[in-house]
Every structure is written in C-alpha cells, then in structure tokens.
Amino acid sequence: MDGIKPLVKLGCLDIWIDEIVPCLKDTETGEIKESVVFKIESRSYLKKFKKNNGWHIDWNEVPKDVEVYALALHDTNEIQGLVGVKNDHDAKAAYIHWACTAPWNNKHEFGTRKYEGVGGHLFAIAVDKSLQWGYDGTVHGFAANMQLVEHYKKAFNAYHLGMLHEFQIVVEDENAMKLLEVYSYEWN
C-alpha cells in the first residue's frame, strides 16, 4: 500500500477494543496480569517494532513530536502494545497518533489474542497524558474508517467530529474519565 508512509506521518486509529478489563487478561488461563506503562525515549529502540514483524507501522518513523508509550506486563516488562500521543495545543486535547497491539494480541490480523484489554489501555494512556497536559482528559484521533468510528462510539461513547479528517473521533469529559476508572496500570 503506497499510502502507508503518509499515514505514518498523519496517524490513524485502527485498533479494536475487546473485553473491558481493568488489567490485561490472559485469554488462555483467564489470569489477570498487572501492567506498567513507560515512555520510549530512544528512537533506535523503536526500530524493532516494524510493520514487517507485525507492529502495523515502522514505529521509528513516527514524527519526533509524537511521544511513544509502551504498555507492558508488570512482571516481565514484555511489551503488549504501543501508543503514540501528541500534545495538540490547538485542539486542547491529546492527539492519539497511532495505537497498536503486539502481533500476538491482534486477533483481527493474526487470528489470535494472548491478552484482552490492550486496546482500551492504550486509549486510557492517551487520556492520562491529556490530563497531565491540562486538557481534562480529552483525546482525539483519526479512525481508519466509518466502521471503527462506530466501534469507538459504542466502546467509549466517542463522537464523530469529522472536521480535520472524515473519520475524526473525540472522547472527552466524563467518557474520557471513565477510561481511567476502568483501566489500571502503573507508570514506570
């Protein structure tokens, strides 16, 4: 697909939200696993998260003004998902540039999912950053298609704004804060 390079620069939300669970849930055992979030400071570290090994994009090509956060298992630090978030001063919101589950958690592309709850956690991380930046938890992003817009409306009570992009969604106020009430993780 020739359009992937521009998408990396613009960003795109095409992550599906599965079961809403406070921590990650092992799909085989049902065991609840605590998670930790950390910022990835090194762009060279991001080189291992590539489109050709299942991470949807080459994460080292994300624009420099996008902060990348990893959601990992607390006990092993194994990364289960990545989210790129940008401080959008003009919109007074956190812009979710991209969110991606680890390949072993991506049922839609690879047919299996090791852990439930990754997608919702990635949105919650963006809400958390919005709060830190003083935006009351408001987040926005560009969904890949109308089917995902409808999915986010059902999952998070997002609304379809469609101003900057035909599939632009926004989650704000009470709906954004509900994400932080549901999803738990520790900042590292």
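The following exercises, with worked solutions, concern a predicted model of a single chain.

**Exercise 1. Overall dimensions**

Determine whether the radius of gyration of the chain agrees or disagrees with that of a compact globule.

Solution.
Step 1. The chain has 188 residues, for which a compact globule would have a radius of gyration near 16 Å.
Step 2. The value for the chain is 15 Å, which agrees with that expectation.
Step 3. The extent along the principal axes may be added: the C-alpha atoms fill a box of roughly 45 × 40 × 30 Å.
Step 4. Of the contacts with a separation of 6 or more, 67% are between residues 24 or more positions apart.

**Exercise 2. Surface and charge**

State what percentage of the residues is buried, and describe the accessible surface and the charges of the chain.

Solution.
Step 1. A residue counts as buried under 20% relative accessible area; buried residues make up 51% of the 188 residues.
Step 2. The accessible surface comes to about 8900 Å², and carbon and sulfur atoms account for 50% of this area.
Step 3. The chain carries 20 positive and 28 negative charges, and the mean positions of the two sets lie 6 Å apart.

**Exercise 3. The eight-stranded sheet**

Give the strand order of the sheet of eight strands and identify the strands at its edges.

Solution.
Step 1. The chain has five helices and 11 strands.
Step 2. Eight strands form an open sheet with mixed pairing, in the order β9-β10-β8-β6-β5-β4-β3-β11.
Step 3. The edges are occupied by β9 (159–160) and β11 (186–187); each has a single partner strand, so one side of each is left without a neighbour in the sheet.
Step 4. At the β11 edge, β3 and β11 pair in the parallel sense over two bridges, with V37 opposite W187 in β11.

**Exercise 4. Strand β4 and its partners**

Describe how β4 pairs with β3 and with β5, and state how many of the residues of β4 are buried.

Solution.
Step 1. Strand β3 (residues 35–40) pairs with strand β4 (residues 67–73) in the antiparallel sense over six bridges.
Step 2. Two residue pairs illustrate this register: V37 has L71 as its bridge partner in β4, and K39 stands opposite Y69.
Step 3. The pairing of β4 with strand β5 (residues 79–88) is antiparallel and extends over six bridges; in β5, V85 is the bridge partner of E67.
Step 4. β4 and β5 form a hairpin with five residues between them, and N77 in the turn has a positive phi of about 65°.
Step 5. Six of the seven residues of β4 are buried, and β3 is likewise mostly covered, with five of its six residues buried.

**Exercise 5. Two residues in their surroundings**

Classify V68 and E172 as buried, partly exposed or exposed, and list the residues that V68 and E172 touch beyond four places in sequence.

Solution.
Step 1. V68 is found in strand β4. Its relative accessible area is 2%, so V68 is buried.
Step 2. Beyond four places in sequence, V68 touches F38, K39, I40, L46, W59, L82, V83 and G84.
Step 3. One of these residues, I40, is 28 residues from V68 along the chain, while their C-alpha atoms are separated by 5.6 Å.
Step 4. E172 is found in the loop between β10 (168–171) and α5 (173–182). With a relative accessible area of 28%, E172 is partly exposed.
Step 5. Beyond four places in sequence, E172 touches T138 and Y159.
Step 6. E172 and D65 are 107 residues apart in sequence, and their C-alpha atoms are 22 Å apart in space.

**Exercise 6. The three-stranded sheet**

Establish the strand order of the sheet of three strands, then give the pairing of β1 with β7.

Solution.
Step 1. Three strands form an open sheet with antiparallel pairing, in the order β2-β1-β7.
Step 2. β2 (32–33) and β7 (115–116) are the edge strands, each pairing on one side only.
Step 3. Strand β1 (residues 24–26) pairs with β7 in the antiparallel sense over two bridges.
Step 4. Within this pairing, D26 stands opposite Y115 in β7.

Note on methods:
Residues are numbered from 1 along each chain as its sequence is written. This is a predicted model: local features need pLDDT of at least 70, side-chain atom pairs count only at pLDDT 80 or more; totals for chains, interfaces and linings use all residues. Side-chain values use heavy atoms; hydrogens and water are left out. Helices (H or I, at least four residues) and strands (E, at least two) are DSSP runs, numbered from the N terminus. The radius of gyration is taken over C-alpha atoms; the globule rule is 2.2 Å times the number of residues to the power 0.38. Buried means under 20% relative accessible area, exposed over 50%, partly exposed in between (1.4 Å probe, protein chains only). Contact means heavy atoms within 4.5 Å. Accessible areas come from the Shrake-Rupley method with a 1.4 Å probe; for residues, only the protein chains shown count as cover. Lys and Arg count as positive and Asp and Glu as negative; His and the chain ends are not counted. The place of a charge is taken as NZ of Lys, CZ of Arg, CG of Asp or CD of Glu. Two strands pair if DSSP finds at least two bridges between them.
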